[in-house]
Amino acid sequence: MRKDYILEKRKYVIIALLLIVAGIYLVRLFNLQVLDNKYKDVADSNAYLKKAIYPSRGHILDRNDSLIVYNKPTYDIMLVPRDVQEFDTADFCNALNITRDDLIKRFEDMRDKKNNPNYSAYTPQKLFTHLPPEEYGRLQEKLHRFPGFYIQKRNIRQYACNAGANVLGNIREVSQKDIERDPYYSPGDYCGDLGIERSYEEVLRGEKGLEILIRDAHGKIQGKYDNGAHDLSPVPGKNLKLSIDINLQAYGEKLMAGKVGAIVAIEPETGEILALVSSPNYDPNLLVGRDRGKNYSQLVKAPHKPLFDRSIMGAYPPGSTFKPSQGLILRQEGIVSLSTAFPCHRGFISGGLRVGCHRHESPITLKPALRTSCNAYFCWGLKNMLDNNKKRYGTIDNAFETWKKHIVSLGYGYKLGVDLPGENRGFIPNAKFYNKVYNNHWSANTIISISIGQGEVTATPLQIANLSATIANRGWFITPHVVKEIQGDTIRKEYREKRIPKIKRQYFEEVAEGMRMAVTGGTCKRAQFRGVEVCGKTGTAENPHGRDHSAFIGFAPYHEPKIAVCAYIENAGFGATYGVPIGSLMMEKYLFGSISPERKGMEASMFNARTAR
Amino acid sequence: MDSSRGNQSLFQNIDWLTVILYLVLVVTGVFCIYAASYDFDDASIFDFNEFSGKQLTWIGLAFVIGLVILLIDWRVYETYAYPIYILLVIILFLTIFIGTPIKGSRSWIAIGSTIRLQPAEFAKFATALALAKLFNSYNFVLNQKASNYYRALLIIFLPVLLIIAQRETGSALVYFSLFLVLYREGMSGIVLLAALFAVTFFVVAVKFTDTLLLGIPMGEAAVLIMIMMLIVGMVAIYAKNALVARNIFLGFVGSGIIVAAFAFFGLVLNGYVYFLVMITAALVYCFITMWQVKTRQVTFIISATVVSVVFLFLVNFGFNSVLEPHQQLRIKVVLGIEDDLRGAGYNVNQSKIAIGSGGLYGKGFLNGTQTKLKYVPEQHTDFIFCTIGEERGFIGTAAVIAAFLFLILRIIRIAERQPRAFGRVYAYCVASYLIFHFAVNIGMVIGLCPVIGIPLPFFSYGGSSLWGFTILLFVLLRIDAGRRDNPAY
């Protein structure tokens with residue numbers, strides 16, 4: 001019996017074996033079901049096909065309601081790799097007019113994690129994009145023979161005219177960065193790139209809809225999940241109405257053909273940008289569709305960087321276009337009266353320093369100084385403010401900071417806040433900057449060239465144009481902007497509110513009169529057209545990189561101005577040579593819709609002039 | 001004997017706990033089958049066109065079978081054990097030829113046009129009866145004669161061979177679980193231990209082949225090191241010679257350090273040479289020091305070591321040359337060497353996804369997406385456990401495991417209270433089958449065992465499996481109920 005007793009004990013070995021197995025299984029199950037969450041996600045992606053329904057992107061109209069950007073349907077071939085079964089590649093290639101090697105190459109590219117970091121055999125992948133409708137039609141008929149493939153309709157942009165590419169921007173496929181930045185995006189989505197497509201992306205794109213479908217193991221759709229209770233319908237993007245006059249924009253681009261530079265035209269009363277020309281420009285249709293990538297990299301490499309929007313990104317020395325702002329500050333600070341006259345004997349001469357000027361009467365007061373664009377007057381003015389006003393300001397630092405405060409209030413030195421991406425702030429130095437550069441040893445003479453818009457001072461054509469608009473308004477401006485109306489919404493508050501520099505209206509009147517005199521009997525005589533009282537100021541900006549830049553600011557009419565412009569042409573010489581004609585032609589075109597016959601010759605010579613090297 | 005009184009005592013003596021566990025498992029099973037085959041159109045659970053409806057019919061018949069079994073005198077099973085066994089063996093044999101081919105195997109017999117039976121499921125019962133009858137023979141003690149082993153192994157392996165011939169390897173493997181019965185009845189534990197070592201050696205040797213140690217695959221080196229440790233262990237514990245064990249151990253470690261140092265300076269000694277020389281040296285040392293006093297132990301140590309080493313090289317040869325590629329792949333997938341999610345690993349990967357997505361509480365009855373959308377193949381039969389995992393979560397799977405555990409432990413308890421070898425051996429046979437099915441089926445579904453197509457008892461869809469296990473269990477209940485009628489003789 002002892003033997004039996006020992007054998008009976010063996011049941012414990014068997015029980016232990018059973019318990020060990022059950023224990024291992026329980027641990028494993030706990031691991032699978034409770035600790036590891038990955039299976040839940042896999043199961044969901046197995047069973048639910050979340051199909052985005054893309055809303056149509058908002059259209060873009062110009063200020064006269066002509067449609068300039070709209071949508072065109074295009075077709076992408078999508079596939080879920082793990083659902084793809086053996087298929088007749090010859091048949092497939094025929095429908096798409098490609099070779100077998102193309103197809104194999106495309107598959108390899110798609111699977112390449114380097115090019116396509118989001119690749120997964122379980123999620124929809126793009127095989128071919130932007131199928132034209134006839135290829136779409138051919139493939140659609142055969143699609144049932146290619147399980148795992150489907151066609152997704154997308155919208156791409158179409159541009160009604162070849163103008164304003166820098167303002168409009170374009171759309172591109174989202175990058176990995178975009179997806180990380182904004183959870184709205186999923187791979188393959190489009191987003192705005194450059195221009196208002198970028199800055200108004202959230203308005204234009206609308207809200208994607210969502211359709212949740214139930215998919216079985218064979219990839220067959222079994223119907224809508226929960227009868228579509230969790231589906232979301234897409235919300236179409238809102239249309240934008242631009243302040244841009246597309247005809248004026250196109251005209252400006254034509255004027256700038258063969259030249260490098262920018263034109264900015266603003267409606268002073270509203271701050272609405274009427275034209276924002278950057279030259280060289282490009283055809284917006286280049287950045288649409290299949291060849292976008294190729295064209296884009298060509299544009300990146302092209303001479304004079306057409307993708308660089310000079311009107312808001314270029315920081316230039318404002319040159320003499322800066323002088324009106326100097327007049328305003330000198331008057332406001334009481335440095336000069338209307339009758340204060342400074343001597344000018346072909347220049348400003350002080351302590352061994354000489355800033356040249358051209359021949360005109362001397363001594364000279366503010367308005368004639370603006371008329372003749374006298375350098376000496378503004379140099380003496382700044383010198384008096386900085387060096388000879390210890391009583392008023394105490395130190396030169398304080399005097400300079402006062403100057404700086406005024407110039408900033410006129411819109412310089414900081415981004416104006418235009419509703420476009422990439423705006424440059426230009427540069428207005430402060431006292432600290434000079435203390436550092438000159439080791440605390442500087443006087444008005446050291447920095448005197450800033451009074452005539454040279455030296456350290458730089459500004460964007462937009463900022464320069466904005467000064468013109470501020471003078472046109474006699475003392476205020478509204479932040480320049482390109483979007484006039486948003487469908488079913490209002491534009492941002494900052495584009496509706498006046499910004500008022502602390503300079504009296506009276507001084508603006510004086511400066512405006514000086515600018516009027518520049519047209520009637522000064523540097524900008526050629527700006528006059530059709531009896532309109534045009535006001536202007538030339539600028540010839542020296543620059544270390546070569547020939548002077550030719551610049552012009554102006555507004556018209558003198559009373560109740562309708563348009564303010566800045567024309568800035570790189571390396572084109574005197575302001576009067578290119579800046580004045582181009583700026584004034586823009587104004588005439590806007591005010592009359594056409595150019596008067598007597599100015600046609602000037603127009604033609606501007607169209608044909610080539611200054612770009 | 002008054003029959004009414006007999007029946008009264010019968011129903012008093014039935015182990016109702018087992019019956020309740022049986023009912024719980026079977027009823028839960030129907031719900032799972034309904035959920036697994038539920039197809040978004042709201043067919044009734046009773047619809048005969050659905051798997052669940054059919055299964056309900058099979059269950060109804062199973063209850064009738066169970067009742068009939070209980071009403072038959074238990075002595076019938078003992079008396080007719082061999083004839084039943086022989087009958088089933090004949091049917092198994094015939095099935096090889098007249099079976100309906102399904103998925104490459106011929107293990108089904110069609111009766112009429114609607115009913116198909118799998119004799120292998122019933123052969124388990126017959127084999128259990130025959131084995132019980134053998135052990136119940138007068139003065140039968142397993143360890144007494146070698147011929148006793150031959151007879152037991154003959155009873156076990158006759159159906160195995162026939163089932164393999166039907167190409168239904170999974171069902172054949174089930175019979176190996178009967179070694180547990182032999183163990184309980186006196187077979188040396190070394191057999192189980194050896195099996196355990198064999199599995200360990202196999203897994204280690206096959207799994208770790210991509211890195212090298214001393215110029216030989218890491219897995220094989222690891223097994224050889226394990227064999228060395230085994231020698232030390234056997235000398236210390238079995239031969240009880242601590243001194244010799246210590247010397248062998250120091251010899252291994254010392255030589256290992258020297259070889260490693262040489263390898264560090266670029267002088268790599270071939271691993272096979274090193275290991276085989278050291279193992280041989282250790283065995284020779286054992287032989288010299290202990291042969292005189294501990295002949296039996298030394299013989300055992302030497303033969304165990306030689307068998308282990310030979311086994312290792314056979315594994316290598318067998319795995320690469322004997323197993324067919326698809327079998328190799330299945331094993332590799334389970335061992336995690338290869339990931340073949342579209343092929344051999346697809347079922348298991350999908351079943352892991354289904355179970356894993358269930359979470360703690362599950363998605364709720366009929367809310368499972370993976371099982372419903374047919375991501376898991378064979379989900380109403382072999383992979384039925386997925387449905388529980390997905391819809392009932394960890395709570396559900398733990399409950400099912402607990403239920404099986406209770407049932408099996410209950411059967412072992414019943415086995416041990418049998419006054420006679422017949423009842424005990426039969427009960428252990430039932431327990432062994434259940435342990436095997438439970439371990440292998442759930443193990444494969446959660447990716448811990450190779451995919452061997454055997455059902456989860458009482459759960460999986462199918463009449464044959466349900467009836468086979470019902471017969472096994474109810475005959476046991478009947479024998480148990482009659483245990484007081486006839487004490488041991």
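**Exercise 1. State which residues of chain A are linked in a network of salt bridges, and give the criterion for such a bridge.**

In this predicted model, A:Arg57, A:Arg157, A:Asp182, A:Glu197, A:Glu201 and A:Arg205 are linked in a network of salt bridges. The criterion is a side-chain nitrogen of Lys or Arg within 4 Å of a carboxyl oxygen of Asp or Glu. Side chains of opposite charge can pair when their charged atoms come close. Over all chains, the structure holds 43 salt bridges.

Some conventions apply throughout. Residues are numbered from 1 along each chain as its sequence is written, while chains are lettered from A, and ligands numbered from 1, in the order in which they are written. Because the model is predicted, local features need pLDDT of at least 70 and side-chain atom pairs count only at pLDDT 80 or more, whereas totals for chains, interfaces and linings use all residues; side-chain values use heavy atoms, with hydrogens and water left out.

**Exercise 2. Follow the salt bridge between A:Asp76 and A:Lys126, and locate both partners.**

Step 1: the closest N and O atoms of A:Asp76 and A:Lys126 are 3.5 Å apart.

Step 2: A:Asp76 belongs to strand β3 (residues 67–79) of chain A and A:Lys126 to strand β4 (residues 125–131) of chain A, so the pair ties together parts that are 50 residues apart in sequence. Strands here are DSSP runs of E with at least two residues, and helices are runs of H or I with at least four, numbered from the N terminus.

Step 3: A:Asp76 and A:Lys126 are both buried, a word that stands for under 20% relative accessible area, with exposed meaning over 50% and partly exposed in between (1.4 Å probe, protein chains only).

**Exercise 3. Describe the salt bridge of A:Lys484 with A:Glu272, then the surroundings of A:Leu242.**

Step 1: between A:Lys484 and A:Glu272 the closest N and O atoms are 3.4 Å apart. Distant parts of the chain are linked by this pair, since A:Lys484 is in strand β16 (residues 483–486) of chain A and A:Glu272 in strand β12 (residues 272–279) of chain A, 212 residues apart.

Step 2: A:Lys484 counts as partly exposed because its relative accessibility is 23%, whereas A:Glu272 is buried, with a relative accessible area of 8%.

Step 3: A:Leu242, in strand β10 (residues 240–242) of chain A, counts as buried because its relative accessibility is 0%. Its contacts (heavy atoms within 4.5 Å), not counting residues up to four places away in sequence, include A:Ile60, A:Leu168, A:Val482 and A:Lys484. The C-alpha atoms of A:Leu242 and A:Glu272 are separated by 8.7 Å, although the two residues are 30 apart along the chain.

**Exercise 4. Determine how far helix α14 of chain A is covered, and set this beside the whole of chain A.**

Step 1: helix α14 (residues 323–332) of chain A is mostly covered, with nine of its ten residues buried; among them are A:Lys323, A:Gln326 and A:Arg331.

Step 2: just after this helix, A:Gly334 takes a positive phi of about 70 degrees.

Step 3: chain A as a whole has 23 helices and 20 strands, and 56% of its 613 residues count as buried.

**Exercise 5. Characterise the interface of chain B and chain A, and the confidence attached to it.**

Step 1: 51 residues of chain B are in contact with 36 residues of chain A. The two chains bury about 3,700 Å² between them, 71% of it on carbon and sulfur atoms, where buried area is the accessible area (1.4 Å probe) that two parts lose on being put together, summed over both.

Step 2: the rule finds zero salt bridges across this interface. The largest share of the side of chain B that touches chain A, twelve residues, comes from α18(B).

Step 3: the residues of that side of chain B divide into 28 nonpolar, 16 polar and seven charged. Here Ala, Val, Leu, Ile, Met, Phe, Trp, Tyr, Cys and Pro count as nonpolar, Asp, Glu, Lys and Arg as charged, and the others, Gly among them, as polar.

Step 4: the predictor gives the complex an ipTM of 0.86 and a pTM of 0.61. Chain B averages a pLDDT (the predictor's confidence in each residue, from 0 to 100) of 85, and 91% of the residues score at least 70.
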